[in-house]
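Reader: I'd like a close look at one part of this model, the place where charged side chains pair up between the helices. Could you walk me through that, and then show me what sits around it?

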Amino acid sequence: MEKAQSEKRAQLEKATMALQELRNEQTTLVENRQKLESQLQENELVEAEFKLLNDKARVYKMIGPVLVPQEKTEATANVEKRLEYIRDEVKRIEQRLEQLAKDQQAQSTDAYKLQMELQGVSQA
């Protein structure tokens with residue numbers, strides 16, 4: 001009986017650690033999503049400003065400490081590509097967060113069952 005209780009404790013500890021790892025990953029993903037959302041807003045603002053400019057307007061790109069002239073069409077294309085990339089990354093993170101929520105629920109349920117079994121073994 002002592003051996004069974006020891007095994008249950010080890011399983012419970014393992015399940016608890018796995019649950020904590022899932023929570024840590026979730027925290028990291030939420031932080032990354034927040035950064036991407038901020039970048040998305042900034043780039044949407046740039047895109048809106050580009051739409052206000054006429055085709056002959058001068059556009060500059062900062063490379064290090066220097067402003068370098070850039071074609072408006074090239075700059076617009078770069079912003080559109082960046083927006084597409086950011087939206088894809090946000091979508092990927094959202095999907096991973098959904099999967100993590102399911103995994104956390106399953107892991108939490110497993111840990112709860114192990115805890116109840118351990119308490120049952122302790123009381124017996």
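Author: Let's start with E117, which is partly exposed at a relative accessible area of 37%. Its salt-bridge partner is K8, and the closest N and O atoms of the two are 2.5 Å apart. K8 is partly exposed too, with a relative accessible area of 23%. Both values count as partly exposed because that class runs between the 20% limit for buried and the 50% limit for exposed. In sequence the two are a long way from each other: K8 belongs to helix α1 and E117 to helix α2, with their positions 109 residues apart.

Keep in mind that this is a predicted model, so a word on confidence is in order. The average pLDDT for the protein is 92, and 96% of the residues score at least 70. Helix α2, home of E117, has the lowest mean confidence, at 92, while strand β2 has the highest, at 95.

Now move along the helices. E25 and R96 form another salt bridge, with 2.9 Å from N to O. Here E25 sits in helix α1 and R96 in helix α2, 71 residues apart. E25 is partly exposed at 30% relative accessibility, and R96 is partly exposed as well, at 27%.

Then there's E44 with R87, whose side chains meet in a salt bridge at 3.1 Å, N to O. Because E44 lies in helix α1 and R87 in helix α2, this pair ties together parts that are 43 residues apart in sequence. E44 comes out as partly exposed, with a relative accessible area of 32%, and R87 gets the same label at 39%. If you search the whole structure you'll find six salt bridges, so called because a Lys or Arg side-chain nitrogen is within 4 Å of an Asp or Glu carboxyl oxygen.

What about the nonpolar side of things? The largest nonpolar core has 14 residues, and L29, L36, F50, I86, I93, L97 and L100 touch the most other members. Helices α1 (2-52) and α2 (72-123) each supply at least two residues of this core. The biggest share comes from α2, which gives eight. Apart from that core lies another one, of five residues, including L12, A15, A111 and L118. As background, nonpolar side chains in soluble globular proteins tend to be buried together.

F50 is a handy residue to click on. Skip its neighbours within four places in sequence and you're left with contacts to V59, K72, A75, T76 and V79.

Two of those names come back when you look at Q70, a residue of strand β2. Q70 touches V59, Y60, K61, A75 and N78, again leaving aside neighbours within four places in sequence. Is Q70 buried or exposed? At 15% relative accessibility it counts as buried, because the limit is 20%.

L67 is also in β2, the strand that covers residues 66-70, but its label is the opposite one. L67 is exposed, since its relative accessible area of 53% is over the 50% limit. Together with Y60 and M62, L67 makes a nonpolar surface patch of about 350 Å². And Y60 is a link back to the strand's buried residue, being one of the contacts of Q70.

How values were computed
Residues numbered from 1 in each chain as written. Predicted model: local features only at pLDDT ≥ 70, side-chain atom pairs only at ≥ 80, totals over all residues. Heavy atoms only, no water. Core = buried A, V, L, I, M, F, W, Y, C linked by side-chain atoms within 4.5 Å. Buried < 20%, exposed > 50% of the residue type's maximum accessible area, 1.4 Å probe, protein only. Helix = DSSP H or I, 4+ residues; strand = E, 2+ residues; numbered from the N terminus. Contact = heavy atoms within 4.5 Å. Patch = residues over 30% accessible without salt bridge, like charges linked within 9 Å, V, L, I, M, F, W, Y side chains within 5 Å. Areas by Shrake-Rupley, 256 points an atom, 1.4 Å probe, with all protein chains shown as cover. pLDDT = per-residue confidence, 0-100.
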